[in-house]
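Dear colleague,

I am handing over the structure below, together with some notes on what was found in it. Please read the notes with the coordinates open beside you.

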Amino acid sequence: MDTQPNIKRTALIVGASKGIGRATALALADTNTHIIALARTVKALESLDDAIVEKTGQNATLIPMDLYELEKIQALGPTLSERFEQIDIVIHAAATLQQFMPLHDIPEKQWHETMDLNVSAPFHILKSIHPLLVKSGAPIIHFLSDIDFDNAFKGSYGVSKAALEALSRIYSQENPDFKIGSYCPGITETGLMREGYPGREGDILSPEEAANIIVERIQQA
């Protein structure tokens, strides 16, 4: 669905069907921002759209996509350019954690799956939508990162987060007008974090709390 006339900005939320991605989509929809929600599960995207309509009266644009199918990402930018003149905000919340283990024990399949989703997918997304970001002038891009990705046993997940940090910094230097950064929410009450940190207690953010921090950072950018 095309953007509505009273919408001021357009935001692409990658990994919008659950967790921090979903919460951020809902929070941003409340700020005169049209949400382009990208995730793998159609039913979850439709549920998000229903929630956005109930909250704001306006639909989101839904993009069902399996980010492991890297070749399909190439069509994302051209497809979006048929509907939108520019993209003003990108929140990349999609990630896979996989099992923590020593580097020498990581199965090759796990290594490649982690790198594909956590590093190659955001690279291909940025490459595909770059012309739409340029048209925005000063787009805001946030990658979800991790506070201790380079600790022992973080394995393919840790290496992928280090690579994503490097990707964001290099892209930022190449595009000085873009406002690019990473956000490390710490341990959050999401399926991904429960998988990586079972039984963890203490200072744990809800997805909604993390989303509010992201939206505040965007408004201050």
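Of the 221 residues of the protein, what percentage count as buried? The share is 51%, where buried means under 20% relative accessible area, exposed means over 50%, and partly exposed lies in between (1.4 Å probe, protein chains only).

Please keep in mind that this is a predicted model, in which local features need pLDDT of at least 70 and side-chain atom pairs count only at pLDDT 80 or more, while totals for chains, interfaces and linings use all residues. Residues are numbered from 1 along each chain as its sequence is written, and side-chain values use heavy atoms, with hydrogens and water left out.

On the overall fold, the secondary structure comes to 8 helices and 6 strands, taken as DSSP runs numbered from the N terminus (helices H or I, at least four residues; strands E, at least two). Along the sequence these follow the pattern β-α-β-α-β-α-α-β-α-β-α-β-α-α. Among contacts (heavy atoms within 4.5 Å) between residues at least 6 apart in sequence, 71% join residues at least 24 apart.

Turning to the interior, the largest nonpolar core has 30 residues, of which Ile-13, Leu-28, Ile-35 and Ile-91 touch the most other members; such a core is a set of buried Ala, Val, Leu, Ile, Met, Phe, Trp, Tyr and Cys residues joined through side-chain atoms within 4.5 Å. Elements giving two or more residues to this core include β1 (9-14), β2 (33-39), β4 (89-92) and α8 (207-220), while α1 gives the most, with 7 residues. A second, separate core of 29 residues includes Val-14, Phe-143, Tyr-171 and Ile-180.

Leu-28 is worth displaying with its partners: leaving aside residues up to four places away in sequence, Leu-28 touches Arg-9, Ala-11, Ile-13, Thr-33, Ile-35, Ile-89, Ile-91, Val-215 and Ile-218.

Ala-23 lies in helix α1 (residues 19-29) and counts as buried because its relative accessibility is 8%. With the same sequence neighbours set aside, Ala-23 touches Pro-207, Glu-208 and Ala-211. The C-alpha atoms of Ala-23 and Ser-206 are 9.4 Å apart in space, although the two residues are 183 apart in sequence.

At the surface, the protein exposes about 10,800 Å², with carbon and sulfur atoms supplying 50% of it; accessible areas come from the Shrake-Rupley method with a 1.4 Å probe, and for residues only the protein chains shown count as cover. Trp-111, found in helix α5 (residues 108-136), counts as partly exposed because its relative accessibility is 31%.

With best regards
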